[in-house]
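Trainee: Could you take me through one part of this structure closely, and then show me how a few other places compare with the rest of the chain? I am new to this, so please explain the terms as you go.

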Amino acid sequence: MRNYVRSVTGNRGSGQEIRVSFEFFPPKTPHMEATLSETIRRLNPLGPDFVSVTYGAGGSTRDTTRKTLEMVLATGNTPAAAHITCVDATREEVDAVVREFAALGIRRFVALRGDPAGGVGTRYQPHPNGYQNAAHLVAGLKAFGDFDISVAAYPERHPESPDFATDIDMLKRKVDNGATRAITQFFFDNDIYERYVERVRRAGIYIPIVPGIAPIHNFSALRNFASKCGATVPDWLADRFEGLENDPQTHALVASAVAAEQVFDLVDRGVSDFHFYTMNRPDLVFAICRLIGIRADKPVSELNAA
């Protein structure tokens with residue numbers, strides 16, 4: 001493993017600044033709600049640029065997404081972004097959710113088409129009275145006001161796209177309609193990300209393409225999910241986790257090192273913003289942020305005692 005002891009210091013000290021954002025999902029049970037509360041409490045002092053909260057297809061998590069946004073806003077110092085999808089919903093239903101979240105003080109949205117109720121791999125059918133796709137949804141959000149809008153990008157192209165040209169054309173339509181940044185699907189080969197950014201720039205798209213980083217809490221589950229959404233899991237990565245199925249402590253240590261290594265290599269390539277898919281689990285993300293130079297605004301002992 002490369003030695004990354006150098007001047008990249010996150011949000012403390014001199015050197016190139018690394019900025020992070022986090023994704024949470026709304027809890028389904030009281031236990032999961034307590035876990036989410038702990039995740040927010042532990043990660044908020046790291047000073048993320050923003051945190052995003054996911055939203056279920058057809059409004060299935062509308063109430064819990066709103067409650068999670070309220071939890072984030074209650075911290076008083078972290079901007080919250082609400083995911084919004086258009087799958088299985090009329091335009092009026094989507095607009096009502098946007099108005100509801102905006103009334104909470106939300107000025108950031110992550111505009112996504114959303115996966116069909118059948119999950120990844122199920123053919124998408126636009127609602128006849130709804131927004132037709134993510135580009136259409138971005139235009140609808142912009143009609144409400146000057147929101148900060150993030151959209152999705154796919155370094156290995158969306159599973160439903162026949163080719164990269166089609167995929168990048170959709171991204172360009174989202175940008176032309178007002179998208180502020182794109183956050184990528186997770187990936188583990190940084191060369192794939194770099195080639196994708198080069199394609200995007202050649203297409204005249206110049207918004208930030210923020211890498212989505214997936215800390216590996218469970219390698220087997222991650223590999224299974226990656227196979228469904230078209231993300232490559234390199235052989236070298238599988239080798240790192242081989243034999244660790246029943247060794248969670250070593251698994252976590254390896255996962256921290258792998259993610260930090262990926263981030264630092266991307267920093268070497270000129271990237272400074274990173275979006276972490278937390279899975280509502282704070283410890284691994286907190287450790288990775290420590291490794292890449294992101295420091296909490298209070299000692300760990302105080303965080304644990306809070």
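Mentor: We will begin with a helix and its two partners, and then visit some single residues.

First, a word on what you are looking at: this is a predicted model, in which local features need pLDDT of at least 70 and side-chain atom pairs count only at pLDDT 80 or more, while totals for chains, interfaces and linings use all residues. Residues are numbered from 1 along each chain as its sequence is written, and side-chain values use heavy atoms, with hydrogens and water left out.

The protein chain has 11 helices and 9 strands. Here helices (H or I, at least four residues) and strands (E, at least two) are DSSP runs, numbered from the N terminus. Of the 306 residues in the protein chain, 50% are buried. Buried means under 20% relative accessible area, exposed means over 50%, and partly exposed lies in between (1.4 Å probe, protein chains only). If you take the contacts between residues at least 6 apart in sequence, 78% of them join residues at least 24 apart. A contact means heavy atoms within 4.5 Å.

Now for our helix, α1, which covers residues 30–43. Two packed helices are described by the angle between their axes and the distance between the axes. The axes are lines fitted to C-alpha atoms, for helices over the stretch in contact, and the angles run from 0 to 180 degrees between N-to-C directions.

One partner of α1 is α10, residues 282–291, and this pair packs at an angle of about 15 degrees with the axes 9 Å apart. That angle makes α1 roughly parallel to α10. Angles under 35 degrees count as roughly parallel, over 145 as roughly antiparallel, 65 to 115 as roughly perpendicular and the rest as oblique. The crossing of α1 and α10 is right-handed. A crossing is right-handed if the near helix is turned clockwise from the far one by less than a right angle, and left-handed if anticlockwise. On the α1 side the contact is made by Glu38, Thr39, Arg42 and Leu43, and on the α10 side by Pro282, Asp283, Val285 and Phe286. Sorted by class, the contact of α1 with α10 has 4 nonpolar, 1 polar and 3 charged residues. For these classes, Ala, Val, Leu, Ile, Met, Phe, Trp, Tyr, Cys and Pro count as nonpolar, Asp, Glu, Lys and Arg as charged, and the others, Gly among them, as polar.

Another partner of α1 is α2, residues 62–73, where the angle is about 30 degrees and the axes are 10 Å apart. α1 and α2 are therefore roughly parallel to each other, and α1 passes α2 in a right-handed crossing. Here Leu36, Ser37 and Ile40 of α1 meet Thr68, Met71 and Val72 of α2. This contact of α1 with α2 has 4 nonpolar, 2 polar and no charged residues.

Just before α10 there is a loop to look at. Asparagine 280 sits in the loop between β9 (273–277) and α10, and it has a positive phi of about 55 degrees although it is not a glycine. Asparagine 280 is buried, with a relative accessible area of 3%. Aspartate 88 also has a positive phi of about 55 degrees without being a glycine. Its place is the loop between β3 (80–85) and α3 (91–104), where aspartate 88 is partly exposed at 38% relative accessible area.

Next, a residue in a strand: phenylalanine 109 lies in β4, residues 108–112. Phenylalanine 109 is buried, with a relative accessible area of 0%. Leaving out residues up to four places away in sequence, phenylalanine 109 touches several others, including Ala81, Ile84, Val98, Phe101 and Leu141. Phenylalanine 109 and valine 138 are 29 residues apart in sequence, and their C-alpha atoms are 9.2 Å apart in space.

For a loop residue, try proline 208, found between α6 (190–202) and β7 (209–210). Proline 208 is partly exposed, with a relative accessible area of 44%. Setting aside neighbours within four places in sequence, proline 208 is in contact with Thr180, Arg181, Ala182 and Arg201.

Finally, the cysteines: cysteine 86 counts as buried at 0% relative accessibility, and cysteine 289 counts as buried at 0% as well. The structure holds 0 disulfides, a disulfide being a pair of cysteine sulfur atoms within 2.5 Å.
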